[in-house]
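Trainee: Could we go through this model together, one question at a time?
Mentor: Gladly, let us have a look.

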Amino acid sequence: HAILKESPRKRAANTWSDTPALLKGLLYGPDGAAFSPTHTRKGGRLYRYYVSQTVLKYGAGTCPVGRVPAGEIEAAVIDQLRAVFRQPEIVAGTWKAARSQDEEITEADACASLQQLDPLWDELFPAEQARLVALLVERVDIGTDGLNVRLRVDGLAGLAREMQVGGIGEAA
């Protein structure tokens with residue numbers, strides 16, 4: 001009875017906020033319009049996807065990439081991030097950026113921090129994953145020919161500092 005006293009809209013909003021959209025505010029279409037997270041239910045299943053603001057305002061067919069399944073686009077971005085963590089140029093750039101703020105961080109520390117995140121990712125809570133994506137990703141542009149993930153260098157430096165302190169491992 002206590003659950004039913006609360007309005008269904010408020011309950012739904014609380015549930016939805018517990019599982020944040022990983023790319024909220026970061027995903028943009030070929031026309032420059034933002035994509036918004038949304039969902040639908042069919043047969044008791046929840047289907048999450050991102051829809052272009054152009055489609056929402058002007059109708060279907062107005063954007064070449066009108067809707068994308070949330071799971072697929074989020075997995076593609078995560079795969080790109082994991083590949084980035086293994087690139088020596090990124091490790092070196094992260095170390096230089098982190099060192100400008102904390103001179104005690106070594107290149108080995110930066111490398112270990114980025115490599116440590118890959119196996120840890122699946123253990124993190126969705127809210128922590130969303131926070132890290134927002135920290136690392138500046139923008140994701142999606143088009144008919146693929147997607148482009150633009151990273152934040154300062155975010156990588158912040159991540160290296162957090163990993164060195166141990167803040168992310170404790171969130172898992």
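**The sheet and the core**

Mentor: Let us start with a pairing: β2 and strand β3 (residues 45-52) run antiparallel to each other over eight bridges. Strands pair if DSSP finds at least two bridges between them; helices (H or I, at least four residues) and strands (E, at least two) are DSSP runs, numbered from the N terminus. This is a predicted model, where local features need pLDDT of at least 70 and side-chain atom pairs count only at pLDDT 80 or more, while totals for chains, interfaces and linings use all residues. Residues are numbered from 1 along each chain as its sequence is written, and side-chain values use heavy atoms, with hydrogens and water left out.

Trainee: Which residue stands opposite proline 37 in β3?
Mentor: β2 covers residues 35-42, and its partner β3 covers residues 45-52. Phenylalanine 35 faces serine 52 in β3. Opposite proline 37 stands tyrosine 50.

Trainee: What is the order of the strands in the open sheet of three?
Mentor: β2 and β4 (67-69) are the edge strands, each pairing on one side only. β3 pairs with β4 in the antiparallel sense over three bridges, and with β2 over eight. The order is β2-β3-β4.

Trainee: What angle does the direction of helix α4 make with that of β3?
Mentor: Helix α4 (residues 70-85) packs on the sheet and touches β3 and β4; contact means heavy atoms within 4.5 Å. Axes are lines fitted to C-alpha atoms, for helices over the stretch in contact, and angles run from 0 to 180 degrees between N-to-C directions. The angle is about 65°.

Trainee: Which element gives the largest share of the largest nonpolar core?
Mentor: Such a core is a set of buried Ala, Val, Leu, Ile, Met, Phe, Trp, Tyr and Cys residues joined through side-chain atoms within 4.5 Å, where buried means under 20% relative accessible area (1.4 Å probe, protein chains only). This one has 31 residues, and Leu27 and Tyr50 are among those that touch the most other members. Elements giving two or more residues include α6 (107-120) and β5 (137-143). The largest share, six residues, comes from α4.

Trainee: Which residue of β3 is in contact with leucine 27?
Mentor: Leave aside the neighbours of leucine 27 within four places in sequence. Its contacts then include Phe35, Val68 and Ile142. From β3, residues 45-52, the contact is Tyr50.

Technical notes: Buried < 20%, exposed > 50% of the residue type's maximum accessible area, 1.4 Å probe, protein only.
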